[in-house]
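Me: I would like to go through this model and ask what stands behind each label. Please set the values against the cut-offs.

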Amino acid sequence: SFDLQLTKAEKCFISGRAMLCLAGTVTNRSEAAQSVPTIYVTALDSHEREFTDIDGHGILSWRIPAETGKLLPRETRSFSLTEPYPEKTVTDFDYGFIDDAN
């Protein structure tokens, strides 16, 4: 099993552009080497709802692809994502793993 922590989720500026800067860690809590699944991060509004388009599809959700190579027992790996800052009021984030078997 894995422990997933989002350690940074903030507005930052890169070359004068407002960006959403996300970072976190994944830790392998098991006793065996395991492949890290794909991580998802979804922005939430003040009502803890996902932002959607007119058809109900999530629009502020990102995938962080699984890294190649296995994570050894108790090993921690960092991840980060930088995206253009949304023109929405983001107040929180939902995050977790995507089951790659689907």
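Reply: A charge sits over a ring if NZ of Lys or CZ of Arg is within 6 Å of the ring centre and within 35 degrees of the ring normal. Lys11 and Tyr85 are a case of this: the charged end of Lys11 sits over the ring of Tyr85, 4.7 Å from its centre. The model is predicted.

Me: What is the mean pLDDT of the protein chain?

Reply: The mean is 91, and 97% of the residues reach 70 or more. Confidence is highest in strand E2, at a mean of 95, and lowest in strand E5 (residues 61–64), at 91.

Me: How many helices and how many strands are in the protein chain?

Reply: There are zero helices and eight strands. Along the sequence the pattern reads β-β-β-β-β-β-β-β.

Me: What makes E1 and E2 a pair of strands?

Reply: Pairing needs at least two bridges between the strands. E1 (residues 2–14) and E2 (residues 17–28) are joined by twelve bridges, so they count as paired, and they run antiparallel. One of the bridge partnerships is that of Leu6 with Gly24 in E2. Two residues lie between the strands of this hairpin, where Ser15 has a positive phi near 50°.

Me: Why is Pro37 called buried?

Reply: Buried means under 20% relative accessible area. Pro37 has 18%, so the label buried applies. Pro37 lies in the loop between strand E3 (34–35) and strand E4 (38–44). Its C-alpha atom is separated by 21 Å from that of Cys21, 16 residues apart along the chain. Of the 102 residues of the protein chain, 36% count as buried.

Me: How many aromatic pairs are there, and which residues form a pair?

Reply: The count is one aromatic pair. Phe2 and Phe97 form a tilted pair, 5.7 Å centre to centre with 55° between the planes. The pair links distant parts of the chain, with Phe2 in strand E1 and Phe97 in strand E8 (residues 92–98), 95 residues apart.

Me: Why is the pair of Phe2 and Phe97 called tilted?

Reply: Centres must lie within 6.5 Å, and 5.7 Å meets that. Planes under 30 degrees apart would be stacked and over 60 edge-to-face; 55° falls in neither range, so the pair is tilted.

Me: Why is Phe97 called partly exposed?

Reply: Phe97 has a relative accessible area of 29%. That value lies between the 20% cut-off for buried and the 50% cut-off for exposed, so Phe97 is partly exposed.

How values were computed:
Residues numbered from 1 in each chain as written. Predicted model: local features only at pLDDT ≥ 70, side-chain atom pairs only at ≥ 80, totals over all residues. Heavy atoms only, no water. Helix = DSSP H or I, 4+ residues; strand = E, 2+ residues; numbered from the N terminus. Buried < 20%, exposed > 50% of the residue type's maximum accessible area, 1.4 Å probe, protein only. Phe/Tyr/Trp six-rings, centres within 6.5 Å; stacked < 30°, edge-to-face > 60°. pLDDT = per-residue confidence, 0-100.
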